Every structure is written in C-alpha cells, then in structure tokens.
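Here are a few exercises to work through with the model open beside you. Try each one before you read its solution.

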Amino acid sequence: MTTLDLLLTAVSNTFRSKTRTILTVLAIFVGAFTLTLTSGLGTGINAYIDDTVSAVGSSDTMTVTKASDDAQGLGGANSGPTEYDPDTVAAGGFGAPGATVVALTPDDVTTLEGVDGVLAVQPTESLATDYVEGESGTKYVVSASALVPGQQLTLTAGAQPDDDATDLQVVVPTSYVGPLGFADDEAAVGRSVTLAVTDATRTQHTVAATVVGVAEESIASPAGAAVTPNAALGTALFDAQNVGLPADQVDRYAQATVRFAADASDRQVSDLKERLASAGYTGTTVADQLGTFTTVIDGIVLVLNAFAIIALLAASFGIVNTLLMSVQERTREIGLMKAMGMGSGKVFGLFSLEAAFIGFLGSAIGVGVAMIAGSVVSATLAGSLLSNLPGLTLIAFDPVSIALIIVVVMVIAFLAGTLPAARAAKADPVESLRYE
C-alpha cells in the first residue's frame, strides 16, 4: 500500500462511524475556534499598538524632562500646597494633571549632549495656539504639537509634514476637515488654514499654513484636537507667541527628545537612563510609555489561549476514545491487513493519519468559522463601541498564526491517536482473525 493509498484509506475510514466522528470533530472545533479568536484578538490589538508606537516616536529615542523636587502642582490630598518655583513649566502630557517640570534651557541641552550614549538632542518647543480657521470662517479651539524625531502620523490623506521644507505646512485631524469647510480629507490637502497665537503682551498673531495631510486620531493623539506643524511653521508660531518675553525666558522647554544608538541593548538603554538620572533628568522611552499596556494585553490573550488549549486537550480524549473503539470494531480487518503483508508501521501510520485528519477537520472548520465571526464582530464594534479608536481592528488574522493553529491542533490529534495506533500495530494477525 502506497502512502497515497494509506492517506485515502485513512480519510475513508474516518467516516465509518459518522456520529462518533462528528462529535469528536465538534470538540476539536470548540478549541480551534477559541484559539483562533484569542490569537486574532492579540494580533489586532498588538498591530494597533505598533501603529501607535510609530505615532509616539522612534524606538531609538527617549523623552527627557527635568522634574521639580516637589513638582505636584497643587500637591497631593494631604501634602498641602506646593511652593511656587519660577523655573517650572507645565508638564503637558507628562505626569498627573497640574504637574510641573523644571524648564529645560540651552544649558540643559548642552549638558544632555555631553551625556555618554546620547547621539543628538532636540528640545520640544511648547506651542500655545488659540484657534484654527479654515474656509468656513469659523474659528475652532486647537492645540499644536510638533513631531518628535522618528514619529509618524497615521494619515487618511496627504503626506507627513516636511521638517526640511521652508514653507509653512500643517497636518490637521480628520475630525476638523468638515468644520473647517473642506468637502473631504482629500479635498483639504493643499488648502490654506490660519493659526493664531497670543504673545506675552496679549497681542494676537495669525499665521497662514498649507494643509499637507489629514491625520487619523489614535490613543497617541486623543480627541483629535491637535494640529501638527512642520519645523518652519512651529518656529513661526513659537517666535510669535514669545514676542514681548525677556530674552532669558524665550528658550524654555518642557521636554527634549534624546536619540541613542538604534542597536542599543536593553541594558545599555537602562544604563543611559541611570546616567541621565545622575545628571538630574528623567528619560522615558516609547516602550516605557506603552509597555505596561502591551503586557496586560499579552497576559489576557495568554490566559484565553490557555482555556483554548484545555478545550483541545479535552477533545484529544475524544480522539483516543473514537480510535480505540475503531480499533476494537476493526480487529478482524486489522488481522486481515497484517496477514496480507501490511507491516506494523503502516498499520500504525493508518490510524495515526485518521487521528490527524480528524484534527484537521476540526481545526479547519473552527478556524474558518472563527475568522468569519471575528471579522463580523470587529467590523460591528469598529462602527459602534470602538468608533473613537479609528484604525483599530480588534480581531485581525495573521496567515502564519492561522496555519500554525491548524498544525498545532493536528499534532495534538496525532499524539492523541498514537495509543490506539500502537494497539492496532501490535495486534497479532492470527488472534485478530479469530476475533468475533
């Protein structure tokens, strides 16, 4: 009997007892279905996190601040008020609401450049825009935040702001396109908007800029209330809002972006943080900002996968039972095959293939149904509960992971079938032919 004959015979024998086989396949289906959905959940969320990482910054950069000794704004519930420090500025997105950090100065930038392991330092200019106005003529409150090195926006139209360009460019959030008077995201690209800032003398300045792109909101840019200027526009706004300030108060930054070697190990990054701390600074990488979130998601997916594996192990006992019954019912047939010259190895292979085929049926059906159900659920949630997280595909399916699930289930089924297969292979042909 050739390998092909052996395979065809195994497939045919699988359906001898249809009811028993169907029940076993359904048990495997449950495990494969669950495993596929949980794997898809992890794939979808982690893909969204990866997109968010590119919106936060590069993996070879860290945000550096200089924390005040008691930088808690109004203080904690029992700590009382915090003494005013003229050298502090609002921390913005860092720390708790109302928290402050000591402003970075050009001297701090020079100090950071001298820290071992720091390749470049770029201070972040804090912009305080009043409003943005488009073709509709209505003014809308908006903030402005320039990109840090390595940061990429998720765009729905247009291009990233070019920091090397001399013309004033801006990327607007997609939620502002309609209110600003543009027909759609594509129509907004190339049009002009006006941004306003107020200087130290309470005089308002307006700056016109060209829309080069439209950005999708994400957890890295919540609420979609921030426009992203290129370097030239950022400088123009920064200079306008600092009119009237004393010269020593102009170059003050809440934070700076420090670049280090792209191939730096975790230990080297940790050492760099320690050197920054010794110099009086705090360094935070993208991994630090999103690491806890990723760990929690991975932990949840791992627990759900464990339940799926338990279901598959339970199904494996069904395979053992199905094939043991099959061996008993086909005892005389086994004896006849061995009497006609079929070796124990091929008998073992025949029953092992039956087990693997049962595993394939259950896993293939489970994976297929899970992909359909997952896609429907993901699309439904994207338009309802998760509509505030555009770009998130809650349940996504990776072809490699899907193939791996099918293979793993078939391996489990194969291993479950080894006991019945071994019993069939050891059967004595003479005794088997006499079996009633």
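**Exercise 1.** Find how many cavities of 30 Å³ or more the structure holds, then work out what lines the largest cavity.

*Solution.* Start with the count: one cavity reaches 30 Å³ or more. A cavity here is a set of points on a 1 Å grid over the protein atoms alone where a 1.4 Å probe fits but cannot get out, and lining residues have an atom within 4 Å of a point. Next, the volume: the largest cavity encloses about 40 Å³, taken as the space filled by probe spheres set on the points, with points joined across faces, edges and corners.

Before going on, note that this is a predicted model, where local features need pLDDT of at least 70 and side-chain atom pairs pLDDT 80 or more, while totals for chains, interfaces and linings use all residues. Residues are numbered from 1 along each chain as its sequence is written, and side-chain values use heavy atoms, without hydrogens and water.

Now the walls: the lining is I28, L312, A315, S316, I319, V409, I412 and A413. Sort them by element: α8 (286-329) and α11 (399-416) each bring at least two residues, and α8 gives the most, with four. Helices are DSSP runs of H or I with at least four residues, strands are E runs of at least two, and both are numbered from the N terminus. Last, sort by chemistry: seven are nonpolar, one is polar and none is charged (nonpolar: Ala, Val, Leu, Ile, Met, Phe, Trp, Tyr, Cys and Pro; charged: Asp, Glu, Lys and Arg; polar: the others, Gly among them).

**Exercise 2.** Which kind of aromatic pair do Y140 and Y176 form, and which parts does the pair tie together?

*Solution.* There are three aromatic pairs in the structure. Rings of Phe, Tyr and Trp (its six-membered ring) pair if their centres lie within 6.5 Å; planes under 30 degrees apart are stacked, over 60 edge-to-face, the rest tilted. For Y140 and Y176, the centres are 6.4 Å apart and the planes make 65 degrees, so call it edge-to-face. Then place the partners: Y140 sits in strand β6 (residues 139-140) and Y176 in the loop between β9 (169-173) and α4 (185-188), so the pair links parts 36 residues apart in sequence. Finally, check burial (buried is under 20% relative accessible area, exposed over 50%, partly exposed in between, with a 1.4 Å probe and protein chains only): Y140 is partly exposed at 26%, while Y176 is buried at 13%.

**Exercise 3.** Where is R202 found, and is R202 buried or exposed?

*Solution.* Look in the loop between β10 (192-198) and β11 (204-215). With 68% relative accessibility, R202 is exposed. Check the backbone too: phi of R202 is near 70 degrees, a positive value in a residue other than glycine.

How values were computed. On a 1 Å grid over the protein atoms alone, a cavity is a set of points where a 1.4 Å probe fits but cannot get out, and a pocket is an open set with protein on both sides within 12 Å along at least five of seven lines; lining residues have an atom within 4 Å of a point.
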